[in-house]
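Reader: I'd like to go through this one and ask what the labels rest on. Can you take me through it?

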Amino acid sequence: MDALRKQASKLREQVAKQQQAVIKQFSATGYESSDVMVIDEMEMQLHHQLDKLYKSTREKRDFQKEIVKAAETFTAIGYKHIEAGTKLSEDCCKYGVENPNDEVLAKAASIYGDARKHAEKEVEDLNKLFFSQVLEPLRAMVAGSPLEDARHLAQRYSKMRQEAEIQATEVSRRQARVREAPIPENVAKLHAAETKMQELKANMTVLGKEAAAALAAVESQQERLTFQRLVAMVEAEKLYHERVAVILGNIEAEIVSEKQRKEAAPPVATLPVNPPSHVPEKTKYFLAEAIHSFEAESEKELSLSVGDYVVVRKVTQSGWSEGECQGRAGWFPSEYVEKRQRVPTSNGATEVY
């Protein structure tokens, strides 16, 4: 009978050792949520809390890494954008300088080239904001000591819990020995095992609470910092797009305005070097109305306002005409007036009706 008891006890010890070997194998790294042995209800709650915090802080750290990776990609693309935009700006300005005769397109190219520099400056500012307000804070948080220290405490707790599970098995084994042979030696060993078990439980409680508090603080900091950095990204991109939209709006307005001004302006004529000093007797005069204002720049020229009526007395092939308006006479661009009525003349006299 004693031999059977010894054999059964030996088998129980072997099973316990195999269980602990399996536990050790799967709990070698990090904090593992092992439920092989529950010491008490309070310890079980602490164990589950640590397991949840350990996983959530790891997930938040991984999310921060993804944001960092995206911001790094954005900045890399931004620098490529600056490089391409700067080259385009230089090419546009060069075309505007080298093609002055192509007035509309050359002017538009110059306007765009100059404004493009400001747009690339906005991209550079956006990259700087990404680096200072997103990349640097998140990188520091991911690799920071608070997170690693808290995770280290949780790992120490996990290892101590494994020791407690082994010790609980040892206590059970000693209790069986005492039941089989209640001799003083077995009783003393049982008391020693139980005392060690109580010490482990006390240390586990202290270490578990410390690890839980550290992980909870880190998790709160992760949530707050990650949220702030996401908001910073949104605000930086919003400001960038608003400023670029203003720049592009100004470019469009200036280019369109320049094109309309060129299309509306009449062709510029060249004043004859030696205008005739008198009008031949048989010249046919005619009445014209000013359709564009003209400001005289010399005594030989005649200022006109839109709607003025002019008696045109001479039209040259150079694009200038000579006439009289409101008692004043002089030269003005032919394209600035439109013919209204021809008036026959006799000996230089005119009659307007």
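Author: Sure. Contact here means heavy atoms within 4.5 Å. Keep in mind that this is a predicted model.

Reader: Which residues is Arg 116 in contact with, leaving aside its neighbours within four places in sequence?

Author: Those are His 81, Gly 85, Leu 88 and Ser 89. Arg 116 itself belongs to helix α3, residues 103–142.

Reader: Why is Arg 116 called buried?

Author: Its relative accessible area is 14%, and buried means under 20%, so Arg 116 counts as buried. Across the protein chain, buried residues make up 37% of the 353 residues.

Reader: How many aromatic pairs are there?

Author: The count is three. In one aromatic pair, Phe 294 and Tyr 336 lie 5.8 Å apart, centre to centre, with 75 degrees between the planes.

Reader: What makes Phe 294 and Tyr 336 an edge-to-face pair?

Author: Rings pair if their centres lie within 6.5 Å, and planes over 60 degrees apart count as edge-to-face. With 5.8 Å and 75 degrees, Phe 294 and Tyr 336 therefore meet both conditions. The two are 42 residues apart, with Phe 294 in the loop between β1 and β2 and Tyr 336 in the loop between β4 and β5. Both are buried, and ring pairs link them with Trp 320 into a cluster.

Reader: How do you know that the charged end of Arg 151 sits over the ring of Tyr 54?

Author: It is 4.2 Å from the ring centre; the distance cut-off is 6 Å, and the charge must also be within 35 degrees of the ring normal. Lys 339 likewise lies over the face of Phe 286, at 5.2 Å from the ring centre.

How values were computed:
Residues are numbered from 1 along each chain as its sequence is written. This is a predicted model: local features need pLDDT of at least 70, side-chain atom pairs count only at pLDDT 80 or more; totals for chains, interfaces and linings use all residues. Side-chain values use heavy atoms; hydrogens and water are left out. Buried means under 20% relative accessible area, exposed over 50%, partly exposed in between (1.4 Å probe, protein chains only). Helices (H or I, at least four residues) and strands (E, at least two) are DSSP runs, numbered from the N terminus. Rings of Phe, Tyr and Trp (its six-membered ring) pair if their centres lie within 6.5 Å; planes under 30 degrees apart count as stacked, over 60 as edge-to-face and the rest as tilted.
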